[in-house]
Amino acid sequence: MHKILVAFDGSEGAKRALQYVIDFSEESKRPLDVHILNVQQEPILFGEDYLTPNMVDELTKSLLSKSTELLKSAGSKLDTAGIGYQLHSAVGNVAEKVNEMVKKLGCDTVVMGTRGLGSFSGLLLGSVATRVIHEVPVPVVLVK
């Protein structure tokens, strides 16, 4: 069984990565165990003395709510394709959270989209994709 973690942020690249997994499932000889992860970047808080714990909790809840909405769209596509999956939300550094989930879930592959916004080699893949490649101990499939 392939255990695949799809890093999904709702972007066009992420949607193409999800479609790649759907297409791959049709050709794969082994069943897929698909995990969809959305990581909301933790906000940088300045003037923390002026924020109550309640305010920080509300901000975190808001980020997780946004994550849930994004994951529903991914789940809907997998439902239509008849592929089983699990949805995961996190708040923090994207590459670090992807790495944590790969280890926690025992995934053997990460699939994610690229944005390709720049002309320098590090920017061609996108800074998040580059960090994930360096952080995770498993192969990373980048979908353009």
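This report describes the fold, the nonpolar cores, two helices and one buried polar residue of a predicted model.

**Overall architecture**

The protein chain contains five helices and five strands. Read from the N terminus, these elements follow the order β-α-β-α-β-α-β-α-α-β. Of the 144 residues in the protein chain, 38% count as buried. Among contacts with a separation of 6 or more, 76% join residues 24 or more positions apart. The exposed area of the protein chain is about 8,500 Å², of which carbon and sulfur atoms supply 54%.

**Nonpolar cores**

The largest nonpolar core comprises 18 residues, and the members with the most contacts inside it are L5, L37, V98, V102, V110, V132 and V136. Two or more residues of this core come from each of β1 (2–7), β2, α3 (94–105), β4 (109–113) and α5 (127–135). Helix α3 provides the largest share, six residues. V110 illustrates the packing: outside its neighbours within four places in sequence, V110 is in contact with L5, V98, V102, V132, V136, V138, P139, V140 and V141. Another core, of 17 residues, lies apart from the largest one and includes I22, L32, I36 and V143.

**Helices α2 and α3**

The two helices are set side by side below.

| Helix | Residues | Span between end C-alpha atoms | Expected span at 1.5 Å a residue |
|---|---|---|---|
| α2 | 29 residues | 42 Å | 42 Å |
| α3 | twelve residues | 16 Å | 16 Å |

Helix α2 covers residues 53–81, and its end-to-end reach is close to the expected value. Its buried residues are L63, S67, L71, A74, G75 and L78. The cover over these buried positions of α2 includes α1 (12–27), β2 and β3 (85–91). Just after α2, G82 adopts a positive phi of about 75 degrees.

In α3, the span between the end C-alpha atoms agrees with the expected one. The buried residues of α3 are V94, A95, V98, N99, M101, V102 and L105. Viewed down the axis of α3, these buried residues fall within an arc of 165 degrees, so they line one face of the helix. K103 and K104, on the other side of α3, are exposed. The buried residues of α3 pack against β1, β2, β3, β4 and α5.

Both ends of α3 have a described local feature. At the N-terminal end, N93 acts as a cap, with a side-chain oxygen 3.1 Å from the backbone nitrogen of A95. After α3 comes G106, whose phi is positive, near 70 degrees.

**A buried asparagine in strand β2**

N38 belongs to strand β2, which spans residues 32–40. With a relative accessible area of 1%, N38 falls under the 20% limit and therefore counts as buried. The side chain of N38 has two polar partners to report here. One is the backbone oxygen of F8, which the side chain of N38 reaches at 2.8 Å. The other is the side chain of Q40, with which the side chain of N38 makes a polar contact at 2.8 Å.

Leaving out residues up to four places away in sequence, N38 touches F8, D9, S67, L70, L71, H88, S89 and A90. Of these partners, S67 and L71 are among the buried residues of α2, and β2 is part of the cover over the buried residues of that helix.

Conventions
Residues numbered from 1 in each chain as written. Predicted model: local features only at pLDDT ≥ 70, side-chain atom pairs only at ≥ 80, totals over all residues. Heavy atoms only, no water. Helix = DSSP H or I, 4+ residues; strand = E, 2+ residues; numbered from the N terminus. Buried < 20%, exposed > 50% of the residue type's maximum accessible area, 1.4 Å probe, protein only. Polar contact = N/O pair within 3.5 Å; in protein donor to acceptor, adjacent residues only side chain to side chain. Contact = heavy atoms within 4.5 Å. Areas by Shrake-Rupley, 256 points an atom, 1.4 Å probe, with all protein chains shown as cover. Core = buried A, V, L, I, M, F, W, Y, C linked by side-chain atoms within 4.5 Å. Expected span 1.5 Å × (residues − 1). Arc of directions from axis to C-beta.
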